[in-house]
Amino acid sequence: MKKTIILLLTLTSIFAYLPVRAQELIQGGTVSGNFQIDGQYYNEDKALGITADTMAGKRYGVNAFGNLLYTNGKFTAGLRFETYLPPMTGYSTSLEGSNIANWFADYKTDFIQLTVGNFYEQFGSGMILRSYEEWSLGYDNSLKGIRVKLNPFKGVALKGLVGYQRSYWTPYEDGNRGIVRGADAEFYINEMIPSLSESRTKVILGGSFVSKYEKMTTKRLVRGDSIYEYKLPRNIASFAGRLNVIRGGWNFMSEYAYKMNNPSAANNFIYKEGQALYSTLSWSTKGIGVMLGAKRVDNMSYKSRMNETESILDINFLPPLAKQHQYSFATMYPFSTQPNGEMAYQAQIDFKIPKGNLGGKYGTQVSVNYSQVNNIKKEQIEEGIPVDSTGTLGYSSPFFSFGDELYYSDFSLFITRKFSKSTKANVGYVYQQYNKDVLTGHNGEYPNVLASIFIADITVRLNDKNALRLENQWLFTKQDKGNWVGGTLEYTFAPKWFMSVADEYNYGNDDSDQQLHYYAISAGYTDGPTRIAVNYGRQREGLLCVGGVCRFVPAANGITITITSSF
Amino acid sequence: MKIMRQLLQKTVLLVAISALIWACDKVDEPYLSATNNPQPVTNTQKVLLEEFTGHKCTNCPKAHLEAKNIQLLNPGRVIVVSIHAGFFASPDGSGLFTADYRTDEGTEINTAFGVESNPTGMINRTKFNDKFLQGTDSWQGYVESALAKTLKATITLPVEWNSSTRSLTINPSVKFLEEVSGKYNICVVITEDSLNSPQKNTDISAGTVPTIDPYYHRHVLRKAVNGVWGESLNSNDGIAGGTTLSKSYTFVLPDSWDEDHCSVVAYVSRMDEVSEKYSVLQVEETHVVESK
């Protein structure tokens with residue numbers, strides 16, 4: 001409580017300098033917010049290896065948050081309260097606790113925007129700076145400090161910031177993580193040059209600079225009978241430049257990022273610079289859309305703590321170039337970003353077969369996607385020094401060369417067709433190659449997983465309020481856990497109720513004791529902005545990935561309750 | 001064109017100002033500088049490094065190497081106890097990984113400190129950066145922080161070994177050099193070194209991949225002689241400076257344990273409900289056979 005009062009006093013003091021009178025702050029303001037509560041109760045399940053011993057008394061987990069936002073004209077203030085008592089299984093135990101996780105105050109005019117407290121920010125595609133929150137991963141790398149945004153001229157947007165990143169609940173102390181400083185400039189050329197304002201070709205240029213300052217402790221290395229000390233940089237800078245050209249249905253975006261020498265736990269303390277290039281080209285017109293993308297990442301882990309190996313304190317974000325699937329079997333082998341090196345490309349075509357013999361009564365939507373990720377080629381810097389040797393430059397790598405090792409590939413074909421006013425179907429085929437060794441942190445232990453997945457999803461509207469959805473999935477693979485079959489039957493009583501039963505059966509597991517059913521029964525109720533859902537059943541273990549950032553989800557058996565609401 | 005030129009000038013200026021304000025440190029070769037080998041220090045603060053490990057943990061051999069390096073960097077001052085517990089330490093029914101180094105005490109410690117993955121480690125059971133468990137790359141710095149603390153107690157740890165009965169008589173004695181507040185336990189454990197069985201591995205700098213065989217597991221926790229959390233040294237709060245408290249234990253080594261590779265480790269840790277709960281004040285190690 002005392003902290004909250006100090007916080008409010010501080011905020012009031014800061015904004016006393018701004019042209020906002022206290023009375024105006026109170027009158028005419030609006031308060032909004034949203035909440036989410038996720039609770040799980042766990043059962044023992046010997047088939048899943050969950051016993052009283054492995055649970056160690058942890059029978060339940062609760063993750064919850066509430067966002068409150070106060071807006072009054074140009075002024076906005078907000079806070080985020082979070083509770084993990086204890087964290088649900090699969091989330092870091094470091095989250096355990098209950099408190100105000102983030103707060104901020106923001107003042108915005110056409111010329112300037114000032115933010116103090118916690119804020120989320122992204123420069124370009126995020127390759128040198130992105131702070132964001134992803135609830136399903138338990139991930140939050142928000143910056144706490146101050147941010148200024150300026151629009152000094154028409155078409156010019158400048159940003160500057162300084163802060164430190166959230167690390168669960170750990171308070172910032174001198175030396176326990178770095179300080180992040182950054183600046184970004186974006187130029188909308190067509191707005192800056194009046195003669196180009198009507199041009200069909202739009203050009204946006206951008207440039208960013210980010211620097212991390214971290215107080216270093218000494219780090220030593222024993223090699224043979226000798227002891228060496230690493231020369232560790234305190235300030236680690238990164239730069240990025242980007243270009244976006246839009247004309248008609250065409251859109252080209254490209255960003256190049258460069259990071260100075262950044263020896264860290266993530267790269268085994270090598271001194272090579274980091275580089276990344278991310279480009280996409282898309283074209284769309286009525287009934288068809290095409291997207292091509294290419295990416296190179298080389299030694300681009302960038303964290304605000306040198307020794308950090310957990311999925312926290314990332315300063316940057318490396319956007320994935322692989323299709324984000326929705327169906328559960330297609331997400332069983334997800335791609336996780338490899339910041340130490342990857343070469344990727346992706347192509348997607350979406351088109352509509354018009355009404356007619358082939359397209360049917362309402363037309364048919366087709367989506368085809370292919371993506372592939374390989375390693376980068378790494379060459380020894382010197383005879384006798386293995387690639388990635390600590391305390392060296394690490395390796396050299398030709399910029400445009402693909403490595404020989406496949407990390408991931410994904411081909412998918414989805415066809416969506418409406419057969420009548422009441423019946424719609426979505427069928428799909430996915431073929432994935434998954435380098436389990438690399439993508440789960442092993443070496444020489446597992447063969448690549450080759451998986452074929454078939455999906456059939458049919459929805460029948462029985463009348464204006466009632467709908468039935470049947471989803472079937474099949475996964476065939478000779479590796480890993482073998483074949484699966486799954487089905488979901490969902491009944492919706494619009495607009496308030498739904499219920500479903502589902503099962504995923506691992507009938508192809510080589511271990512007959514693990515040929516298990518992962519059954520689930522769910523029900524939900526929606527009332528305006530409030531939704532309550534209850535689920536009982538088994539949870540399959542695996543990786544949950546959002547944007548290439550992953551969290552391990554352990555197997556579980558129990559009841560899950562989710563409540564969301566907003567006002 | 002004029003606007004574009006001005007724009008370019010402003011951008012260059014902005015970047016230049018940014019670079020000046022936030023200078024970046026470019027490190028040139030050589031990236032490592034040779035330092036003097038450390039000299040052994042006697043009768044001073046020692047540190048307990050507990051590493052949570054398992055034979056199916058692929059990143060653990062690299063962590064084992066780091067523990068060894070830290071011992072070499074601080075000769076005689078870092079005592080390692082390897083706790084095999086949890087998923088990565090579980091034995092398979094058949095195949096390469098049938099060895100079982102798990103102990104009830106290790107599992108209890110593993111659970112109590114919420115170990116979720118391996119490798120991870122604890123330095124003097126003290127929170128650094130608000131947490132007990134630390135990643136391998138953080139061990140070195142935190143060990144050095146712990147070693148730099150003021151010496152408050154010393155432990156003498158005589159061990160009598162009777163080879164005919166395989167009996168150990170352990171007589172730890174703790175001398176408090178200054179007054180300390182709180183309640184303390186002394187915990188005595190047995191470790192065994194050089195246990196040979198395969199170990200999974202992902203790092204070629206640590207050995208062959210995906211398995212190192214033979215692999216000699218070091219400092220393996222075998223048994224807590226006086227209970228997982230030890231025995232109380234003081235029932236009332238605080239211990240006066242100059243006080244010496246002694247205990248005596250006997251323990252019979254099972255036949256399957258190689259006495260030549262066994263050690264006795266004793267440590268004093270705080271046990272009352274304060275933020276420093278569990279923190280280790282001092283630790284000592286005596287090899288069983290050397291004590292003959």
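A residue counts as buried if 20 or more other C-beta atoms lie within 10 Å of its own, with C-beta atoms placed from the backbone. Keep that handy for the exercises below, and remember that the model you're looking at is predicted.

**Exercise 1.** Which residues of helix 2 of chain B are buried, and what do they pack against?

*Solution.*
- Step 1: find the helix. Helix 2 of chain B covers residues 60-73, so to speak 14 residues in a row.
- Step 2: check its length. From first C-alpha to last it reaches 20 Å, close to the 20 Å expected at 1.5 Å a residue.
- Step 3: apply the burial cut-off. You should end up with B:Cys60, B:Pro61, B:Ala63, B:His64, B:Glu66, B:Ala67 and B:Ile70.
- Step 4: recall a bit of helix geometry. An α-helix has 3.6 residues a turn, so residues three or four places apart point the same way.
- Step 5: look at the partners. The buried residues of the helix pack against strand 2 (47-53), strand 3 (78-84), helix 4 (136-147), strand 12 (199-200) and strand 13 (211-212), which belong to chain B.

**Exercise 2.** In what order do the strands of the three-stranded open sheet come, and which are the edge strands?

*Solution.*
- Step 1: read off the order, which is 12(A)-13(A)-1(B), with antiparallel pairing.
- Step 2: pick out the strands that pair on one side only. These are strand 12 (220-223) of chain A and strand 1 (32-35) of chain B.
- Step 3: take the twist, which averages 35° from one strand to the next.
- Step 4: zoom in on the join between chains. Strand 13 (residues 226-230) of chain A and strand 1 of chain B are linked by four bridges. Across that join, A:Tyr228 sits opposite B:Ala34, and A:Tyr230 sits opposite B:Leu32.

**Exercise 3.** How many residues does each chain bring to the contact, and which element of chain A gives the most?

*Solution.*
- Step 1: count each side. Chain A brings 43 residues and chain B brings 36.
- Step 2: find the top contributor. On chain A's side, that's strand 13, with five residues.
- Step 3: sort chain A's side by type, and you get 18 nonpolar, 18 polar and seven charged residues.

**Exercise 4.** Which residues have the most contacts inside the largest nonpolar core?

*Solution.*
- Step 1: the core has 61 residues, and the best-connected are B:Leu49, B:Val143, B:Val189, B:Val264 and B:Val268.
- Step 2: follow B:Val189. Leaving aside neighbours within four places in sequence, B:Val189 touches B:Val81, B:Leu221, B:Lys223, B:Ala224, B:Val225 and B:Val265.
- Step 3: look elsewhere. Another core, of 25 residues, lies apart and includes A:Leu129 and A:Ile315.

Conventions: Residues are numbered from 1 along each chain as its sequence is written. Chains are lettered from A and ligands numbered from 1 in the order in which they are written. This is a predicted model: local features need pLDDT of at least 70, side-chain atom pairs count only at pLDDT 80 or more; totals for chains, interfaces and linings use all residues. Two strands pair if DSSP finds at least two bridges between them. Helices (H or I, at least four residues) and strands (E, at least two) are DSSP runs, numbered from the N terminus. Axes are lines fitted to C-alpha atoms, for helices over the stretch in contact, and angles run from 0 to 180 degrees between N-to-C directions. The expected span of a helix is 1.5 Å times one less than its number of residues. A residue is buried if 20 or more other C-beta atoms lie within 10 Å of its own, exposed if 12 or fewer, and partly exposed in between; C-beta atoms are placed from the backbone. Two residues are in contact if their C-beta atoms, placed from the backbone, lie within 7 Å. Ala, Val, Leu, Ile, Met, Phe, Trp, Tyr, Cys and Pro count as nonpolar, Asp, Glu, Lys and Arg as charged, and the others, Gly among them, as polar. A nonpolar core is a set of buried Ala, Val, Leu, Ile, Met, Phe, Trp, Tyr and Cys residues joined through C-beta atoms within 7 Å.
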